[in-house]
Amino acid sequence: MKYLSSILVLLIALKINAQEIKINPGKYSDYYHIQYELVSGNYSVNTEYGFNKGGQFEVFVAKELFPIAAPNCNKNIIIRMPYSNLEKRKRALYNELLLSNTITVTLELNPYIKILKTEPLQVELAYCNVYFRHRGGDYFDQL
């Protein structure tokens, strides 16, 4: 069993290295972004939470399917859309996700990213949350 766990950790590490993480300098700290393909059938929209004021919504992805390890999570990575006054692009994305379409999104790993090693970059999530990238008060779908 321990051997199997070691292999799984190695595979996750290789997956992370294959995943491009873009580091964008910020005013107070660096921001870590990835593009991630939400594959039809491999994610679910939290319809109980729904689409809320400020364009907030949530998407669940099984932690085994997410490209970055999250050892403190039991089941799902929660991808959250942050609050802002601009909702049009967020509503369009939400509606597309409700249709269970395969779609590539841009995610922000802050503030829950834990840097394990800088060269080569190795990271994991300290918690079960990431955010859709946000910039200028709206969803920003670019690295």
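Start by selecting P71, which counts as partly exposed at 48% relative accessibility. You are looking at a predicted model, and P71 makes a handy first landmark in it. This proline lies in the loop between β4 and β5. Show its surroundings, leaving out residues up to four places away in sequence, and you will find P71 touching K63, E124 and L125. Pick E124 from that group: P71 and E124 are 53 residues apart in sequence, yet their C-alpha atoms are 7.8 Å apart in space.

**Next stop: the disulfide**

Stay in this loop and select C73 together with C128. These two cysteines form a disulfide, with their sulfur atoms 2.1 Å apart. The link is left-handed, with -135° about the S-S bond. Which parts of the chain does the pair link? They are distant ones: C73 sits in the loop between β4 (58-62) and β5 (76-80), while C128 sits in the loop between β8 (121-125) and β9 (129-132), 55 residues apart. There is no second pair to look for, since the structure holds one disulfide.

Now turn on a surface around C73. Is C73 buried or exposed? C73 counts as buried because its relative accessible area is 2%, under the 20% cut-off.

**Zoom out: the whole chain**

Switch to a cartoon view of everything. You should see two helices and 11 strands. Walking along the sequence, the pattern reads α-β-β-β-β-β-α-β-β-β-β-β-β. Of the 143 residues in the chain, 38% count as buried. The accessible surface comes to about 8500 Å², and carbon and sulfur atoms account for 53% of it. Among contacts between residues at least 6 apart in sequence, 64% join residues at least 24 apart.

Next, colour by pLDDT. The chain averages 89, and 87% of the residues score at least 70. Select residues 4-18 and you will find pLDDT below 50; beyond near neighbours in sequence, this stretch has 13 contacts in the model. Where pLDDT is low, the predicted coordinates should not be read in detail.

**The seven-stranded sheet**

Select β1, β2, β6, β9, β5, β4 and β3. In that order, these strands make an open sheet of seven strands with mixed pairing. Which strands are at the edges? They are β1 (22-25) and β3 (43-45), each of which pairs on one side only. Look at how the strands are set against each other: neighbouring strands of this sheet are turned by 35° on average, direction ignored.

Now step across the sheet from the β1 edge.

- **β1 to β2.** The two strands run antiparallel and are joined by four bridges. A hairpin of four residues connects them. Select I23 to see it standing opposite Y32 in β2.
- **β2 to β6.** Here six bridges hold an antiparallel pairing. I34 is a good residue to pick, as it stands opposite L107 in β6.
- **β6 to β9.** Strand β6 (residues 103-108) pairs with β9 over two bridges, again in the antiparallel sense. Select E108, and its bridge partner in β9 is Y131.

**The helix across the sheet**

Keep the sheet on screen and add helix α2, residues 88-98. Helix α2 lies across β2 (30-38), β3, β4, β6 and β9. Compare its direction with β3: the helix runs at about 125° to that strand.

Follow the chain out of the helix to L99, in the loop between α2 and β6. L99 counts as exposed because its relative accessible area is 63%, over the 50% cut-off. Add S40 to your selection and check the distance: the C-alpha atoms of L99 and S40 are separated by 8.8 Å, although the residues are 59 apart along the chain.

**Last stop: the β7–β8 hairpin**

Finish with β7 (residues 113-118) and β8, which pair in the antiparallel sense over five bridges. How many residues does the hairpin from β7 to β8 pass through? The two strands are joined through two residues. Select I115 and you will see V123 of β8 standing opposite.

From here you can travel back to the start: the loop between β8 and β9 holds C128, the disulfide partner of C73, and P71 lies in the loop between β4 and β5.

Note on methods. Residues numbered from 1 in each chain as written. Predicted model: local features only at pLDDT ≥ 70, side-chain atom pairs only at ≥ 80, totals over all residues. Heavy atoms only, no water. Disulfide = S-S within 2.5 Å. Buried < 20%, exposed > 50% of the residue type's maximum accessible area, 1.4 Å probe, protein only. pLDDT = per-residue confidence, 0-100. Contact = heavy atoms within 4.5 Å. Areas by Shrake-Rupley, 256 points an atom, 1.4 Å probe, with all protein chains shown as cover. Pairing = 2+ DSSP bridges. Axes fitted to C-alpha atoms, helices over the stretch in contact; angles between N-to-C directions.
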